Amino acid sequence: MNGQTRLGARPYPYESMLANPQALDRLDVEFRWGSYGIRMLKFHHTSFPPGKIAHFHKHSDYEFHFIPRGKGKVILGNDPFSLHEGMMYLTGPGLMHYQEADAFEAMDELCLHIDIHRLEDGLAGADDWGARWERAEADSCIHLLEQLPARPVMDTYRAMECFLTAYRAWHDNQPGVMTVIKQSIIQILLRMTRAYETMPQQELPSRDMKHYRYQLAVQFIKDNYMAPLTLEIVAERVQISARQLQRIFREQTGGTFSEYIEQVRLMHICTELAASDATIDQIAFQNGFSSANYLHYVFKKKLGTTPMQYRLHNAQRS
DNA sequence: CAGGCTAGATATTACAAGTG
DNA sequence: CACTTGTAATATCTAGCCTG
């Protein structure tokens, strides 16, 4: 029966895995997720013929079981549960369990068996590029796994589809197959813990919006200081009102928006005065000043000297 | 927290004129 | 010619106040 599409039944979504149900078991997959090292031991499709029994046993690792088709029963510790299509359960380290297919109907199973161990922290740059959030998410998920109740539930978030995703990546020799397998495993862990909903969702990382907008504005100014920039143009870029942008600059710099732009422009102008032969007119235009005489006015006001005098004292040219 | 309005302050422009 | 300074008119910005 197994391995064949039953006449009149809808197509079996995991049919393609039956060609090589244990293919992924041959791959030596291990990866880091947050602070954890995860090693894949089994990642396969298996079938229990009618009446087949797997007697009581346990593992020192985590085994994720999914029932894509058929029915049967499982005993977790001392508690018996009936199983049917679409259910899943976890057998954590040390949990004694017993599985049995229905006397008259086969039961298929998708099984992921992994070893999870905590890795040493203290890597340089361990908080860079989102590592902190990945660590927090992995911590939270694995903490939930450790406390998951020993009872089957429906696979509400379709974790078992990840078996197919991983299998296809291997079968089609997709680019990045190991990454796909890693992501599939992580998804299975996340979706399973979510289905039990034993704990409130962790709060998502949120930005300090004021600082974030300030940074956006600053970056925009640094990229475009050579063009005419007004408060309104920058505010539009950052998608806030001009008034709010003013407030943000006051808060983040202690100064004003125009003081900031002026500072950026003058910094570039000083560098160019010292390093290039361009006329002051040219330098003024290239740095967002619409005329040289206005540059003179601003330059003298801020630096107490004229552009030409500054050039004479700071020339780096030979 | 964020946007709109406002008076007063400040920045910017356009132009003229002086210097070496 | 390149640079500098000054002035008046105009544009833009700032910060307080109010509102949702």
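# A guided tour, from two cysteines to DNA strand C

Begin with cysteine 270, which counts as buried at 13% relative accessibility. The model on display is a predicted one. Next, select cysteine 162, which is likewise buried, with a relative accessible area of 4%. A search for disulfides returns none, since the structure holds 0 of them.

**The open sheet**

Turn now to the strands and display β3, β8, β5 and β6. These 4 strands form an open sheet in the order β3-β8-β5-β6, and their pairing is antiparallel. Select residues 53–57 for β3 and residues 79–84 for β6: these strands stand at the edges, and each has a single partner strand, so one side of each is left without a neighbour in the sheet. When the view is set along the sheet, consider the angle between neighbouring strands; on average they are turned by 15° against each other, direction ignored.

Within this sheet, isolate β5 (residues 71–76) together with β6. The two strands run antiparallel and are joined by 6 bridges. For one residue pair, select valine 74 and look across to β6, where its bridge partner is phenylalanine 81.

**Loops on either side of α2**

Leave the sheet and move to the loop between β10 (153–154) and α2 (161–171), where arginine 158 has its place. What is the sign of phi at arginine 158? The value is positive, about 50°, although the residue is not a glycine. Most residues other than glycine have a negative phi. Arginine 158 counts as exposed, at 52% relative accessibility.

Continue to the loop between α2 and α3, and select asparagine 173. Here too phi is positive, near 50°, in a residue other than glycine. Asparagine 173 is exposed, with a relative accessible area of 61%.

**Inside helix α3**

The next selection is helix α3, residues 177–196, which contains serine 184. Is serine 184 buried or exposed? It counts as buried, at 3% relative accessibility. Show the backbone of valine 180 as well: the side chain of serine 184 reaches the backbone oxygen of valine 180 at 2.8 Å.

**The surface near DNA strand C**

Finally, bring DNA strand C into view with the 18 residues around it. Those that come nearest are Leu231, Gln246, Arg250, His296 and Met308. By class, the residues of this surface divide into 5 nonpolar, 9 polar and 4 charged.

Colour the helices α6 (242–253), α7 (257–275), α9 (292–303) and α10 (307–314), each of which supplies at least two residues of the surface near DNA strand C. Which helix gives the most to this surface? That helix is α6, with 4 residues.

On the nucleic acid side, select the atoms of DNA strand C within 4 Å of the protein. Of these atoms, 64% belong to sugar or phosphate, and the rest to bases.

Three side chains merit individual display. A polar side-chain atom of arginine 243 lies 2.7 Å from a base oxygen of DNA strand C. For asparagine 293, a polar side-chain atom lies 3.2 Å from a base oxygen of that strand. Threonine 306 places a polar side-chain atom 2.8 Å from a phosphate oxygen of DNA strand C. With these contacts shown, the tour ends at both parts of the strand: a base oxygen for arginine 243, and a phosphate oxygen for threonine 306.

Terms used:
Residues are numbered from 1 along each chain as its sequence is written. Chains are lettered from A and ligands numbered from 1 in the order in which they are written. This is a predicted model: local features need pLDDT of at least 70, side-chain atom pairs count only at pLDDT 80 or more; totals for chains, interfaces and linings use all residues. Side-chain values use heavy atoms; hydrogens and water are left out. Two strands pair if DSSP finds at least two bridges between them. Axes are lines fitted to C-alpha atoms, for helices over the stretch in contact, and angles run from 0 to 180 degrees between N-to-C directions. A disulfide is a pair of cysteine sulfur atoms within 2.5 Å. Buried means under 20% relative accessible area, exposed over 50%, partly exposed in between (1.4 Å probe, protein chains only). A residue is near a molecule or strand if one of its heavy atoms lies within 4 Å of it. A polar contact is a pair of N or O atoms within 3.5 Å; within protein, one must be able to donate a hydrogen and the other to accept it, and residues adjacent in sequence count only if both atoms are side-chain atoms. Ala, Val, Leu, Ile, Met, Phe, Trp, Tyr, Cys and Pro count as nonpolar, Asp, Glu, Lys and Arg as charged, and the others, Gly among them, as polar.
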